[in-house]
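User: I would like to learn how to read internal features of a protein model. Can you walk me through them with a worked case?

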Amino acid sequence: MARVEYHSNMRLARCSLFRRILFLAVLLAWAPPAARGEPRPVPTETAGPPPVILISVDTLRADHLSCYGYSRLRTPHIDSLARGGTLFAEIGSQAPITLPSHVSLFTSTYPFANGIRENAQVLPPGAVTLATVLAAQGYNTAAFIGGYSLERRYGLVQGFQTYDSPFDARVIKGALDLKRPASQVLEGAKHWLGQNSGRPFLLFVHLFDLHQPYDAPAAYRARAPQSEYDQELAYVDDSLGGFFEFLARSGLDRRALVVLFSDHGEGLGDHGENAHGYFIYNSTLHVPLILHWPQAEKNGNSKLENRNSKLEGPNSARVSSFEFRASSFNDRVEAPAGLIDVAPTVLSFLGFPAPVNFCGHSLLELAKGGNTPPRDVYSESSYAHGKFGWAALRSLRRGDYQYIDAPHPELYDLKHDPAELHNLLPGQAALAASYRERLAALVATYRSAPAAAGPTATAVVPGAAERLRSLGYLEITSPQAALDDSGIDPKDRLFEYKRYLLAGHLARTGKAEEAVAEFQAILADDPRNLPAYIELARSDVGLHRYLDGANQLKAALALDPHNIEAEELLGDIWLTVGDLERAAAEFHQLLTFAPQDYEAHFGLGLLAARRGQAAEADKHFRAALAANPLSAEAHYQLGLSLEAQGQKAEAVREFQASLRIDPQFQEARRELAKLTSTGH
Ligand SMILES: [Zn+2]
């Protein structure tokens, strides 16, 4: 009994345990680089196709860069890239959420077609991405990741021979541990370049500094006193300045195709949205895209303005050495296009055919000033739909107009109203109707397109919810098979959403009583807010009010009988209070609609072991391990069960497996010592 209670309590605190498990598991697989010296650029003039450097500055609004017209902060280094390259003035993100946007870019497919519509989903094996295509062409491929949302487990790793995303290789204490500063990311990239730039390569660099929570070095506060967001941007720009300087010293600024973009913007209060993901306004969809062409593309009359400047710290206004221009390309493209077009552009530039399932179109002709027909730029957010059951949002940009399909649709003239303050509806109904038709046609066309992402996207990764909550997402949602634009318009529930965010913040910052009061107030106004019941239950559990928590979860399950999270938590609560019959009933119920659920199998394994049903316990612990091979607890419990059956050698193996994942798992160490000290 003691054992059951002890471990079920541990499971309720699985947040910290899971972190430890992952920390140690990944530590086993990821050895930190040996002592690193100063990275040395390797000046090379290797023949062959040009290398490609993709730089994703996560959460960067286009209109906060001085090369896009921002006046409150200068971003001289990114500007230098634009001056020497081609700036695309009107690029739309296909989804204002990190993983879906990057997946859309790398696979050149739409979120509704590839199935990745939320963070913490997994791009399944077999995906065709820019990285897999270039790797197949003989490119050396590497990625250096700044934020947890792109951690390797989410599948963007495919095609990359090196994928540096070491977020588990530490004890994660807070949201700041889910990101690492640009300097670290770029340092890793520089070291890799120092050893690998001799043959064609794809380097992907992901900088997460602009994503909340902010933590810019103190030196940048004076540089942009107006906002922490701009301070992070100043820091990122300086960091990129140092990186560009490195590229210049190694000659890569002339050899490589450099592509700088962002996956989405940031609300910063526009339309009442502070972060991103909830709405699909320009504040979160309009992103920068700058292509800097290799010097070989220059014509004879191109101008070299390489100043070879040095980075001089936070107040440096000098620029790095990107200011030569490939004059066969224009410096600016005004026509709207999407991030979905980036991968086809890169392949087209390199002369490689695009895979048939790429849905975007090369921007090369546009960059050369060619006359190309206007594009339909599609965007979506199914966040409010997946989370609260409210309407999904989708939009179509074409020419100057942006149409947002929602229960209360909107139409904006972005040329004259880029802030989208004046909805042209209901006045321009005919124009809006034509956009709606185009939108429906685009979805119909690409929904049936070949599956670019291979098999159907899988559900969310176990244990990811807690971490994403601390980045402000609160909770992962159930991926939806199809958009549903009926129901409640998210615009009409912004107030409720913000209260929900506030309550979640209170819960995460140790103010459980206040969080409970806020969640209760939300539910008093909207008894159908299912996530609020679950969050309230979590707060109740944190305050040891288990029966209150159970009642909230029953209310959630009344709204959605197949809610995995509610069912898991309810089973855990009964286990914790020792009501084993109810716990078993909930876990069995969970298996009827989630047959591989880790929590259900682990809980049923504990219950079977408690009843002395060893074979049944083994079966469930093995199923739990199939769902989560990194569970030190499941190995440990399986070891106990085998030990109780006299299978000592097998038990030893399980305890050893447990300790490989979590060397600080004292109970496992004790059992192992007990078994091995008796001479076996
Ligand atoms: Zn992002």
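User: Which element gives the largest share of the lining of the largest cavity?

Analyst: Start with the elements behind the wall. This is a predicted model. Here β2 gives the largest share of the lining, three residues. At least two residues each come from β2 (86–92), α10 (282–285) and β10 (377–381).

User: How many residues line the largest cavity, and which lie nearest its centre?

Analyst: The lining has 13 residues. Nearest the centre lie Gly92, Asn282, Leu285, Arg397 and Gln402.

User: How do the residues of the lining divide into nonpolar, polar and charged?

Analyst: Sort the lining by residue class. Six are nonpolar, five are polar and two are charged, with Gly counted as polar.

User: What volume does the largest cavity have?

Analyst: Its volume is about 100 Å³. A search of the whole structure, with a threshold of 30 Å³ or more, finds one cavity.

User: Now the metal. Which residues are the protein donors of the zinc ion?

Analyst: List the donor atoms, then their distances. Asp58 appears twice, each time through OD. Thr98 gives OG1, Asp263 gives OD and His264 gives NE2. These donors lie 2.0 to 2.7 Å from the zinc ion.

User: How are the donor residues spaced in sequence?

Analyst: The spacing reads D-x39-T-x164-D-H.

User: Are Asp263 and His264 buried or exposed?

Analyst: Check the relative accessible area; buried means under 20%. Asp263 has 0%, so this residue is buried. His264 also has 0%, and is therefore buried.

Conventions. Residues numbered from 1 in each chain as written. Predicted model: local features only at pLDDT ≥ 70, side-chain atom pairs only at ≥ 80, totals over all residues. Heavy atoms only, no water. Donors = N, O, S within 2.8 Å, 3.2 Å for Na, K, Ca; no water. Buried < 20%, exposed > 50% of the residue type's maximum accessible area, 1.4 Å probe, protein only. 1 Å grid on protein atoms, 1.4 Å probe; cavity = no way out; pocket = protein on both sides within 12 Å on 5 of 7 lines; lining within 4 Å. Points joined across faces, edges and corners; volume = space filled by probe spheres on them. Helix = DSSP H or I, 4+ residues; strand = E, 2+ residues; numbered from the N terminus.
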